[in-house]
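Me: Please take a close look at a single part of this model, the salt bridge and its surroundings, and set it in the context of the chain.

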Amino acid sequence: MTNSTVRTTPTPPLDGADPAPTTSSSPVLVKGAVQQPETGEPHAARRELTASSPGRDIALVSTFAALVAVCALLPAITVGNGLVPITLQTFAVLLTGAVLGWRRAGLAILLYLAVGTAGVPIFSNGRSGPGVFAGPSTGYLVAFPLAAMLAGVLVSRIRASVTRVRRTGLTFLGCFAASLVTIHPLGILGLMWRADLSFTEAVVTDAVFLPGDIVKCLAVAVVATAVVRAFPALSAPKR
């Protein structure tokens with residue numbers, strides 16, 4: 001690339017005349033020069049996002065089912081009337097959807113529920129067995145596979161070329177929407193059915209979880225964005 005600059009030397013003014021203007025042209029491109037492409041989103045935006053194989057899918061489903069179990073077994077926080085404790089299960093469920101996509105995420109959460117129902121103490125507070133579904137948290141447990149799959153659908157719609165900040169924001173919105181549409185409505189119905197609460201009482205009980213859900217969805221968005229950018233092959237295959 002060659003730049004050319006045209007300068008005009010000031011001419012000494014004649015008596016009573018204004019000085020001649022000094023002009024300077026901006027750099028111009030020489031015909032035939034090659035412009036450098038703009039450097040925007042790095043190479044991750046163009047990485048292959050469709051890699052998948054049966055062996056890897058099984059491993060990922062098992063790993064994320066174990067992650068949900070670990071988050072469920074971490075110490076819970078009892079709030080409100082104490083019917084349903086606050087755990088990190090929602091974080092793990094939504095992260096599974098955001099990273100694995102709806103098919104593998106649904107399988108992972110169903111595997112977690114099946115193992116717990118079979119008697120392995122991996123539900124919150126170390127509970128297990130089918131009797132868990134007779135308690136006040138049954139609506140939330142039933143909603144988990146739906147929430148993970150919906151989060152997977154919404155997050156998979158995010159274009160690979162968006163910036164990191166935009167992806168993080170969109171992932172947060174997708175996960176929070178999935179939580180609002182599935183976990184909370186079914187949780188309220190479960191409270192009304194198994195805890196014998198009125199609709200208003202169930203809504204008030206469920207509303208306690210909303211601030212925590214916002215924080216969890218933010219954490220999911222940050223973690224999922226970092227994971228997908230670092231390991232793009234983990235993303236769900238687009239079919």
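Reply:

**Confidence and the salt bridge**

In this predicted model, the chain has an average pLDDT of 81, and 74% of the residues score at least 70. Residues 1-50 have a pLDDT below 50, and in the model this stretch makes 45 contacts beyond near neighbours in sequence.

The structure contains one salt bridge. Its partners are Arg-104 and Asp-57, whose closest N and O atoms are 2.7 Å apart. The pair connects distant parts of the chain, 47 residues apart: Arg-104 belongs to helix α3 (residues 102-117), and Asp-57 to helix α1. Both Arg-104 and Asp-57 are buried.

The surroundings of the pair can be read against the record. An unreviewed UniProt entry annotates residues 58-77, 83-102, 109-126, 138-158, 170-193 and 213-231 as "transmembrane region". In the model, residues 58-77 are 80% helix and 0% strand, with end C-alpha atoms 32 Å apart. Residues 109-126 are 50% helix and 0% strand, and the C-alpha atoms at the ends of this span lie 17 Å apart.

A nonpolar patch also lies on the surface: Val-70, Leu-74 and Leu-88 form an area of about 230 Å². Leu-74 sits in the loop between α1 (54-73) and α2 (89-100). Leu-74 can belong to such a patch because its relative accessible area is 38%, and patch residues need over 30%. With that value, Leu-74 counts as partly exposed, whereas Arg-104 and Asp-57 of the salt bridge are buried.

Definitions and conventions. Residues numbered from 1 in each chain as written. Predicted model: local features only at pLDDT ≥ 70, side-chain atom pairs only at ≥ 80, totals over all residues. Heavy atoms only, no water. Patch = residues over 30% accessible without salt bridge, like charges linked within 9 Å, V, L, I, M, F, W, Y side chains within 5 Å. Areas by Shrake-Rupley, 256 points an atom, 1.4 Å probe, with all protein chains shown as cover. Salt bridge = Lys/Arg side-chain N within 4 Å of Asp/Glu carboxyl O. Helix = DSSP H or I, 4+ residues; strand = E, 2+ residues; numbered from the N terminus. Buried < 20%, exposed > 50% of the residue type's maximum accessible area, 1.4 Å probe, protein only. UniProt positions renumbered as here; feature names shortened; annotations may be inferred. pLDDT = per-residue confidence, 0-100. Contact = heavy atoms within 4.5 Å.
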